[in-house]
Amino acid sequence: MPINISPIPDLPDHVNDVRLRTAAFINQEILPVEDRLFVGRRGHSITDEMLADSKALRESVKVKVKAAGLWAPHLPQEYGGMGLDFLAHAYMNEILAYALGAASLFGVVAPNSGNQKILVKYGTEDQKQRWLLPLIDGTMQSGYSMTEPDNAGSDPRSIKTTAVRDGDDYVINGHKWFTSNGLEADFFIVMCRVEDPTAEGSRSGSMSQIIVPTDTPGVEIVRGIGIWGSRSSDHCEVKYNNVRVPADNVLGRVGQGHEAAQDRLGAGRVFHCMNSVGQMWRAFDLMVERALTREVHGGLLKDKQFIQGFIADSYMDLQTSRLLTIRAAEMIDRGDPRARTEISALKVYVPAAFHRVVDRAIQVWGAAGVSNDLPLAAMYLGARTLRLADGPDEVHKILIAKNVLHSYERGESWDFAR
Ligand SMILES: Cc1cc2nc3c(=O)[nH]c(=O)nc-3n(C[C@H](O)[C@H](O)[C@H](O)COP(=O)(O)OP(=O)(O)OC[C@H]3O[C@@H](n4cnc5c(N)ncnc54)[C@H](O)[C@@H]3O)c2cc1C
């Protein structure tokens with residue numbers, strides 16, 4: 001089913017323009033060849049010819065994306081991106097995500113895209129030349145290495161990996177896991193506790209991000225961790241054993257690591273959630289399409305009240321998620337500090353709503369719902385994972401409650417209604 005949209009009255013022209021152009025591209029260039037583009041999802045054996053065809057097709061689609069002016073919505077124009085504001089980017093993601101995996105064909109691939117954004121903001125000119133530009137043109141890959149097996153990822157201040165100053169270098173020791181893209185990456189951005197009492201403006205033990213090329217002696221990729229029943233994945237366990245890198249590889253100032261991480265994750269959450277909304281649309285379309293055509297017990301599914309309930313509940317989940325996410329994007333564009341609360345609210349709400357919608361779509365499709373013939377099974381696992389990645393639900397709920405309580409204590413009880 002193609003994406004069926006028209007301009008939204010009251011939206012700025014540039015946002016409608018991006019929506020319509022993206023939808024036209026997805027309808028014409030992606031959906032008709034989705035099986036060939038994402039051949040790895042097929043449940044049966046894949047031949048070398050199929051893989052070669054998929055690779056060639058992906059490259060030709062990327063060329064067309066660039067020609068259509070839809071490449072890298074997350075990057076400023078000076079780095080070859082679209083230079084979109086948050087609102088336009090969020091709306092674009094809603095449409096991109098309709099074709100599961102299509103974002104990669106538009107130059108948006110986590111964790112590279114998040115790393116590009118922090119390199120743009122915090123990188124020195126030399127770091128941009130060495131790491132950012134190759135990351136943008138695709139000649140390098142990267143990972144973001146923060147979470148540790150022995151410490152709570154939901155409390156980043158508990159991180160134990162250390163970077164100790166030694167002459168012009170830092171020597172890094174630590175143990176990380178779930179470093180995504182770890183098997184492909186040419187460098188990691190590693191969150192460390194820096195031991196450098198002489199560093200200007202910093203405390204000893206300050207959290208900092210350091211760029212570590214993966215071929216540096218001492219970087220040990222222990223394994224790609226199997227998830228959801230798979231034997232392996234590119235989410236890697238990594239040990240840093242006396243890894244020596246130049247002090248120039250510190251990203252931003254020593255001690256600025258948390259600030260940069262929040263920059264990276266805050267924006268990322270809005271975009272991830274708008275991706276979820278796009279995928280919810282796909283699941284919703286599939287559910288309704290099946291209800292309109294599938295006959296059971298002498299009638300169409302659409303006439304059964306159980307199924308009508310699924311459709312009504314999913315409609316509400318979808319629209320609520322969409323409004324919450326768009327509101328956060330608008331607040332960020334306005335520079336409204338209360339956006340922090342909204343980001344946490346959507347980070348809890350949207351993955352759970354996404355999970356419910358996909359679950360109902362699977363139920364409506366019966367056995368086909370869990371097959372590899374449809375994107376629903378992959379969406380289901382992705383939705384569940386999102387309730388952990390980028391901060392688990394509970395941590396975000398704590399932040400929402402704290403901000404609401406502070407607001408009431410200041411006598412600004414209705415502040416959030418603005
Ligand atoms: C597929 C995937 C990809 C990932 N990619 C990356 C990556 O590229 N780089 C990276 O660094 N990390 C990555 N992560 C890790 C992710 O960011 C962490 O899993 C997440 O931050 C949670 O940390 P944790 O797993 O250590 O859970 P913990 O911190 O041990 O928390 C466990 C549970 O405790 C509960 N909890 C936590 N705090 C509280 C509280 N205050 N009150 C009540 N309950 C609480 C929550 O339910 C939470 O789920 C990835 C994770 C997944 C699943």
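In this predicted model, the protein chain splits into three parts: domain 1 (13-113), domain 2 (142-251) and domain 3 (258-417). Between the C-alpha centres of domain 1 and domain 2 there is a gap of 30 Å.

The ligand is a good place to start looking. Around the ligand sit 20 residues, and the closest of them are Met146, Ala152, Gly153, Ser154 and Pro392. Domain 2 and domain 3 each put at least three residues into this shell. Broken down by class, the shell holds 10 nonpolar residues, nine polar ones and one charged one. As for secondary structure, β1 (142-145), β3 (169-179) and α11 (393-409) each chip in with at least two residues. Which element gives the most to the shell around the ligand? That is α11, with three residues.

Helix α11 is also home to serine 407. With 16 other C-beta atoms within 10 Å, serine 407 comes out as partly exposed, because a residue needs 20 or more to count as buried and 12 or fewer to count as exposed. Setting aside neighbours within four places in sequence, serine 407 touches Glu412, Ser413, Asp415 and Phe416.

Back to β3, which has plenty of strand company. Strand β2 (residues 162-166) pairs with β3 in the antiparallel sense, using five bridges. Two of the facing pairs can be picked out by eye: threonine 162 sits opposite asparagine 173 in β3, and aspartate 166 sits opposite aspartate 169, also in β3. The two strands make a hairpin with two residues between them, and glycine 167 in that turn has a positive phi of about 65°. Strand β3 is also joined to strand β7 (residues 236-246), this time by eight bridges, and the two run antiparallel. Here aspartate 169 turns up again, with proline 246 in β7 as its bridge partner.

Strand β2 has another partner too. How do β2 and β4 run, parallel or antiparallel? They run parallel, joined by three bridges. Threonine 162, already met opposite asparagine 173, stands opposite arginine 193 in β4 as well. While tracing these strands, it helps to remember that side chains in a regular strand alternate between the two faces of the sheet.

Now for the helices. Helix α7 (residues 257-293) has 37 residues, and at 1.5 Å a residue it should span 54 Å; its end C-alpha atoms are 53 Å apart, so the expected and modelled lengths agree. Most of α7 is covered, with 26 of its 37 residues buried.

What about α4 (86-96)? All of α4 is tucked away: 11 of the 11 residues are buried, so the rest of the structure largely encloses this helix. Among the buried residues are Phe86, Leu87, Tyr91, Met92, Ile95 and Leu96, along with His89, Asn93 and Glu94. The cover over the buried residues of α4 includes α1 (13-30), α7 and α8 (305-334). For anyone following the side chains around a helix, an α-helix has 3.6 residues a turn, so residues three or four places apart point the same way.

A few spots in the loops have backbone angles worth a look. In the loop between α4 and α5 (112-122) lies proline 111. Proline 111 is linked to alanine 110 through a cis peptide bond, with omega at about 0°.

Asparagine 181 belongs to the loop between β3 and β4 (187-195). Its phi is positive, about 70°, although asparagine 181 is not a glycine. Is asparagine 181 buried or partly exposed? It counts as partly exposed, because it has 19 C-beta neighbours inside 10 Å, and a residue would need 20 or more to be called buried.

Histidine 297 is another residue other than glycine with a positive phi, in this case near 45°. Histidine 297 sits in the loop between β9 (295-296) and β10 (299-300). With 6 C-beta neighbours inside 10 Å, histidine 297 counts as exposed, since the cut-off for that class is 12 or fewer.

How values were computed. Residues are numbered from 1 along each chain as its sequence is written. This is a predicted model: local features need pLDDT of at least 70, side-chain atom pairs count only at pLDDT 80 or more; totals for chains, interfaces and linings use all residues. A residue is near a molecule or strand if its C-beta atom, placed from the backbone, lies within 6 Å of it. Helices (H or I, at least four residues) and strands (E, at least two) are DSSP runs, numbered from the N terminus. Ala, Val, Leu, Ile, Met, Phe, Trp, Tyr, Cys and Pro count as nonpolar, Asp, Glu, Lys and Arg as charged, and the others, Gly among them, as polar. Domain bounds come from an automatic or database domain assignment. Two strands pair if DSSP finds at least two bridges between them. The expected span of a helix is 1.5 Å times one less than its number of residues. Two residues are in contact if their C-beta atoms, placed from the backbone, lie within 7 Å.
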